[in-house]
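Morning, everyone. Please have a look at the protein on the screen, and then I'll walk you through it.

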Amino acid sequence: MMEEIGKRLATVTVRDLWLFVVCAIAVYLLRVRDSYSLQPVWRMDIDTSLYENKQYAKIWEQTPPPVITDIESDGINEIVIATNEPKVIMAVAPDIKPTNAMLPYLKILHEAPLGRKGDEKKKPVALATGFLVEYQSMLQIRKQVIVVLTADWTVMCFNDELNLMWEQQLTTTIDPEHFIKEAAILITSHSLKKKDGGSVIIGGSMTDKHHHEKKLVHDHHKRIQDINPTDVYNDEDDEEYNERMKKEADAEISHFSTYALSAKDGSIRWHHLPGDFDESVNSEELLHSSHHFKLGLRKGLTHKGESHWSQYNIAMLKSLPHTWQRRSDTKMEISRFQKSRGLQSKDYEDDEEDNVLDFIGLDEEHLVGYAFGGLRPHSPSEHIKNPNAVVLHMHEGIEVLSLSSGQPLCRLKLQQDSGVYVDINHDAVIDHVKAHFTDNPEHEDNCLAVVKSGHPPHTLLFNASICNPPGIFTMLSLTGSLFGGSDHYEEGPHTVPPVIVKSVAERKGVWNHLSGQSHAATASKGYDSVFLLNNGKVTSFGPNGQTHWQVDSSAQWSKIDIHQYRDGHHPLEFLQRVRDAFVPGIQQMPLQIFGKENTAVLTGWDSMVMISLKDGHILAEHSLPCRPSAPVVIGDFDNNGWNDIILVCPSSYIGFSLQRFTGYWSTAAIAAAIIFVVTGLTAIFSNLEEEENNDQHTQDHVS
């Protein structure tokens, strides 16, 4: 046997090796990607007659986003929705296949009223699910509870069949002219007292119902290096600003109040309210060192025992990224907070080492979902070892409280703008990532991605155009900031906050491909920043400003003004509706449940697009039957292991199923065709060569 193999190998020529290499390269270049499709598969209507204007929800009427999760730990995901009726429902995707005429409705399993129909006080403002029993083994079956916070600060806890377990009203002093501006719920199996059976932590703040905050302004003619996020108001000259600050200085309204409840019966274990923990004024020196923004409410106030955030620098960096645009951006999580010893950059880097699972495309904490052989359903907070803190992401920034007592540990004031705060280049310093525009399209500082370092941001890391395609030098992996500045852009685009993801992009270009840099880019520490403009253009930058890719998509909203005439709207009415009920966006997501976040979903005026964050390849897209009024909700509602999308519209929820079509067989067919063609051509040319040699040999013999 071995002799036979040896004889065959001995007959292999250099030409055969070259043919094999050529075939392999041809198959690689002509390989067929896996393809994806988004298809609407169900709907659920919203009763718009309960809204004040009968068309869409004002900010104080908005309901929390749906939750897709496995409530019963049976491998089947449910969809939990809190409606404006008000009630909470638990449903699953219908078994009926959609038709061209009508989408089927969700199959409702359970529902529970929150109050009488149309009761404004009982409208839901926050919704969460979670486990009250600790995760112990794969054999354990745990069921989640569902907690809802209503507009009158009532907390309701339901079991897995939506039976009310307990109800607790946190406060009774509610002014009808105020509403809950932001709120979040955290459910954890950690008990604050014995026999508590876990904890439920509620947090939120209020504002004036008819108050319209003044938009941030800046000098469009300033250079990028001179822009300072603190220079947004003139405290002495702006009477409207001073009046607003007087109103919001009312601690009962603007303070982010937090309550920790026993999961057994809703008893209050601790609270963080205005005046708690001996709140006092900072010294001038401490106030300067912490650099509280002018936009910060209750400027210069601190609590007994509270430290400056820099003493928890490493833990705070791990809590990023942070951005806040709307109520749904408010969130709470438990964490382990310890004071840093210096910068501890080595410890910071060690904690961020790549996990082996990253190389096979899986999240560092998971293999796959339980239904596919991995872990049982669980909450992200259950990965935290020995948690001691509650981290609040809110409109003022980040505040950290003691998990056991509610004592404030530290807080990081961050400006509420369209930027994102993150340590983008992994140097243990907070960075600010934002798009910058000027009134003058010809200005060199127009339409740029601007990344500054420090708190407040002061040192320019890089800036690069997000309007114009990168030049040939940028495509050769040179930093975009070296050739920064943007040319005239007629559309005058605007953007949404950028998406920040752990670096996954692969650089395009022949040079990068041949030199191996397309794969080396994914090994770099730090984050990629991805920008979406209102003309659908998407641009990805690396941690050091290198342009990874730039593509055009159909997720646009730059020409929505033309729709006001087509739809018969009055211009002012139309603009009001766009401002209140249209939410374009870009949101990162994993394709598979518990996978790496290497994909983004883009939503525009009438289109939704899924795009790969690796190379900008458009994976799937679909037209939208309605305008998105909230960020999309991501989860696997059809239980096939691939994440699906729920589109939230003013009058309905629409579920889009993600389907994957493998390219293996197509690639195999291409490979077979290439081998057949190459083999055939080789045989033909070999025969011709052999005949030519025979003829030459015959002529030589005759001679």
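**A lysine and its partner**

Let's start with one pair: the side chains of Lys537 and Asp552 are joined by a polar contact of 2.9 Å. A polar contact is a pair of N or O atoms within 3.5 Å; within protein, one must be able to donate a hydrogen and the other to accept it, and residues adjacent in sequence count only if both atoms are side-chain atoms.

Before going on, a word on the source: this is a predicted model, where local features need pLDDT of at least 70, side-chain atom pairs count only at pLDDT 80 or more, and totals for chains, interfaces and linings use all residues. Residues are numbered from 1 along each chain as its sequence is written, and side-chain values use heavy atoms, with hydrogens and water left out.

Back to Lys537. Lys537 sits in strand β26, residues 537-541. Strands are DSSP runs of E, at least two residues; helices are runs of H or I, at least four; both are numbered from the N terminus. Is Lys537 buried or exposed? Buried, because its relative accessible area is 9%. The cut-offs: buried is under 20%, exposed is over 50%, partly exposed is in between, with a 1.4 Å probe and protein chains only.

Now Val14. Val14 belongs to helix α2, residues 14-29. Val14 counts as exposed, because its relative accessibility is 59%.

Now the whole protein. How many helices and strands does the protein have? There are 13 helices and 34 strands. Of its 703 residues, 50% are buried.
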